[in-house]
Each structure stands twice: as C-alpha cells, then as structure tokens.
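Open the structure in your viewer and keep the selection tool at hand. The tour below goes stop by stop.

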Amino acid sequence: MRILKQFARTAFNLSNLKKLALLFFMNFIINQYSYGQKSAIDIVKTGIQIGQQVPDVALNNLSNYTDASGKLSTTAKLSDFKGKLVILDFWATWCAPCVAMIPRMDSLQTQFNGKLKFISVAYQSEKEVLPFLTKLEKRNNKKFNITNLSGSKVLEKLFPHIYLPHYVWIDGGGVVRAITGYKEINVATINLALGKGYSVAQKKDFKTTIDDSKPFLINGNGGNGDNLMYHSILTGYTDGLIAGGSFKNPDSLQPAKIIFRNTSLSHLLKHAYGEGKVIYGRNRMQLLVKDTSKLVYDVYQPYQEWVRKNKFCYELIVPYKLAANRFKMMQNDLSRFFTDYKFSVEKQVKKCWVLIRTSTEDKIASAGGDYKYASNQFGFKMQNHALWRFVSDLNALYMQNSDYPVINQTDYKGFVDIEVQARMGNITELNKGLAKYDLAFILKEVEIDVIVVRDAVN
C-alpha cells in the first residue's frame, strides 16, 4: 500500500498499511455547521486500461539488465521484451510489502525462465535504490536478477496509482492484461496469464481531493474556514482518504492542529494519551474488555467491513492560547463519543528493552553541525540530535510488534553523533553496533505508563 512519502518515513506506515472505501459519516462537531463531501476518484482509471496497447516507450536508467546480445545495458524499449509476460512492479524502498516481494518475484522469474520478466519501477533515484538493494541482497545472501528502473517518470504517468506495491501485467503483444496488488503475484495467476486465460478486476486506488490547510468537511457552506477559531470533528471511515496523521504545532499567528484520517480508536488513543511525548505501542496498551473486535482487527473478520465500522477521521483545531491543552481536549472528545469504554493511563511494571550507558566515558557527544536524523531497516545515523528520536523510531516503526517497549534510561541530556549499521528490529545486531559508543540494550522490568481500556459500567 502506498502512503504519502513523508508520512511513511515517520512511522505511521503506515506503512503501510489496505490501510486505507464508501461514504459513511458519523459526525461529532463541537462547533456545529453543515458540510459537503467531494466524490472519490479512482486514480488507476485515469491511465492506460486493461485491454489497451502500451506505447513503445524508452526505458532509461536501467540497472541489472542484459539486452538480447547478452550485454549489460542501461536502456531498452518495451518492445525489447516482445513475446514475454512483462510485469511492471511499482515500488519504493520504504514500502515493506514491496521489499518483501523482491525475493518472491526473483523466484517466480527463475521458475518461468524466459517467459516472464519483472521490471521494478521506482520513482526514487539510483543513489537511494541501488545501495538499498545491495544491502537487501547481502541480508538474503542472494543476488536478485530483477531489472530495476530508477527515477522513473514516464511509466508512472502512463499508469497512475496511489498505493504501493502496484503491478501492471503486459502480455507478449504489449497489451495490458491486468492491474493488481501483490496478492495476485503467484504461480497460479501467472500460468493463467501465460495461457491468455487470466482475467481479474482492476486494482482500485481511490483518492479524494482534500486540503489539510482548511478545516475538514467544510465545502464553502458558511465560509471557507479562514476565520475559524475552534473546531473538533469526528467522522466514520471516509472513502478515498489515505490513512495517516499529523500534528501541527502552533505559533502566535497559527493555531494548533491534530489531524487523523481513517485510523482506529486504538491508534487515536495512543496519540491522545501520548501527548506527542510517549509512543504507546501495542505493548503499552491493555484491553480489559469483553469484546476486543472493535479495537483490534483479527484475520477472522472481513477486513473491508471491519474498516468501515471501526476506523475514523478526527481533527482538532485550537488557538494558540489553548494549544497546551490540545491533547487533553482530544482525550475528552474520545471519552465523550466512545461511551462504551473507560480510558486511563496507569503505572505498571513491565519487561522492557532499556537503553543504558555501559561506561561513564562520553563517546557520543555531538561535534555540532546540522541537525540530522535518518533511518531505514538496516541502520540509522544521528548528527547533532537527541537520543529520544532513535528510541521513538524503534517503538513506532521497527519494533512496534515487539512484546517489550523500548525505554531510554541513559539520562544523557546532550545531543549526540551516532551511526550504526544493523537491522533496526534486531537487538543483538543493534547492541553490536552500539558497543563502540558504550551503549547497550538490556532486558529488565521497569515501571512505565500503560493505556488501559475497560468496558464502561452501566
């Protein structure tokens, strides 16, 4: 599934994420006014469709491609693959499902030797894509034979989409036969496609135009919201909106904003009670309720039906003078509407991965410079940054499914310079990389805050 690039990199991935079908609003509006809803548009239908011929476009900036003469080449045309089933794989390095598909595509291409060709298409540059693939091959101890196209613009214009991964199936005559998600990439459907018997409904990527600089759900009724002083709204799942959230901190001229689109009650609670300071993951939420099905999705529930009933959009706008109370306001909104539950934050002793210093020698003090932080699945780099960012990334992204929360107990107050190459979800590898800085994670019991959800007493 594709999410906005910035959002995906900051942990609501989102990924992810699928995460994200038809007009049903439940409004809780503190400042009441009417609203309008714009129609969702299927972006995929704006490009080349199933049954249509694909132009013989030039493919430049290829890597891992051998032409018909057996020579490595960086250019080709789609017609160079005539007679083969070509599957265009639109992907990105930050998209976890995309990355997970690379070994599967490589295996399928080998299995259908000479009949099937995958071309992975990334809008990211070679500088981002190729080092990432090199690390991935090293982790898998295997060289992948997938041809890559980096920095693509032509194919994305021909086949517009929102969510990744996105696959376009082109037959040996250059005609589009299917446009799918990743679940259809398997032996059975490829056999059908090669036998010209494959027919599948086109993947749908709905998008609704929305401007987050304006209040949600106002469509010119009573004004455009420019003079809005206070606003709180809660709706049901809204088709076409990409799941995610953001915080906009206030200044003396701009209000504070809390924005969430198509997300679960559990996710809203994590941020309302985290107050922008604490990451409350699954391992820091206790559900003391008889029925957890409305709070947590499980595979025994029809996914789209669950999403429509149990995901919500929330927005809060408050003036600068009230901004300090914005998270308490959000907590009150959730308590006021979701009356089947009682929410609280309580102290509990839990096993945690605790980051500590292993000596008193300071090996992490920053030398100054620009304020930078970057991370991916294979490591992180901090320059003139605070340790909390690294710990937050582990909780929010790379170790969000761990049984143990990640806690910082270094008591280090200054900014740091640290660079570690390790799988971000692997404590053993992280500890090897952190050792040279006299830092380490240890597993121990710690008293921490936990969100507790209980059934309301009638």
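Before you start, note that this is a predicted model.

**Stop 1: the cysteines**

Select Cys95 and Cys98. Their sulfur atoms lie 2.3 Å apart, and the two residues form a disulfide. The cut-off for such a link is 2.5 Å. A disulfide is a covalent bond between the sulfur atoms of two cysteines. Rotate the view until you look along the S-S bond. The angle about that bond is 75°, and the link of Cys95 and Cys98 is right-handed.

Are these two cysteines buried or exposed? Cys95 is buried, at 1% relative accessible area. Cys98 is buried too, at 0%.

How many disulfides does the count give? The count comes to one. Now select two further cysteines. Cys313 has a relative accessible area of 0% and is buried. Cys352 is likewise buried, with a value of 0%.

**Stop 2: the six-stranded sheet**

Switch to a cartoon view. Look for an open sheet of six strands with mixed pairing. Step across the sheet in the order S4-S8-S7-S6-S9-S10. Which strands form the edges? They are S4, residues 62-63, and S10, residues 176-180. Each of these edge strands pairs on one side only.

Next, select residues 116-122 for strand S7 and 147-150 for strand S8. The two strands run parallel, joined by four bridges. Show Val121, then find Leu149 in S8: they stand opposite each other.

**Stop 3: the four-stranded sheet**

Move on to an open sheet of four strands, ordered S15-S22-S17-S20. Its pairing is mixed. The edges are S15 (285-288) and S20 (406-408), and each pairs on one side only. Turn the sheet and follow its twist, which averages 35° from one strand to the next.

Select S17, residues 341-357, together with S20. These strands pair in the parallel sense over three bridges. Pick Val354 as a marker; its bridge partner in S20 is Ile407.

Which helix packs on this sheet and touches S15, S17 and S22? Select residues 265-274: this is helix H6. Strand S22 covers residues 439-455. The direction of H6 makes about 70° with that of S17.

Then select residues 387-398, which make up helix H9. Helix H9 lies across S17, S20 and S22. It runs at about 170° to S20.

**Stop 4: aromatic rings**

Stay with helix H9 and show Phe390. Add Phe380, which lies in strand S19, residues 379-385. The rings of Phe380 and Phe390 form a stacked aromatic pair. A pair of aromatic rings is described by the distance of the centres and the angle of the planes. For Phe380 and Phe390, the centres are 4.2 Å apart and the planes 15° apart. One residue is in S19 and the other in H9, so the pair ties together parts that are 10 residues apart in sequence.

Colour the pair by accessibility. Phe380 is buried at 2% relative accessible area, and Phe390 is buried at 1%.

How many aromatic pairs does the structure hold? It holds 15. For a last selection, show Trp91, Phe132 and Phe378. These three residues form one aromatic cluster.

Terms used: Residues are numbered from 1 along each chain as its sequence is written. This is a predicted model: local features need pLDDT of at least 70, side-chain atom pairs count only at pLDDT 80 or more; totals for chains, interfaces and linings use all residues. Side-chain values use heavy atoms; hydrogens and water are left out. Buried means under 20% relative accessible area, exposed over 50%, partly exposed in between (1.4 Å probe, protein chains only). Two strands pair if DSSP finds at least two bridges between them. Axes are lines fitted to C-alpha atoms, for helices over the stretch in contact, and angles run from 0 to 180 degrees between N-to-C directions. Contact means heavy atoms within 4.5 Å. Rings of Phe, Tyr and Trp (its six-membered ring) pair if their centres lie within 6.5 Å; planes under 30 degrees apart count as stacked, over 60 as edge-to-face and the rest as tilted.
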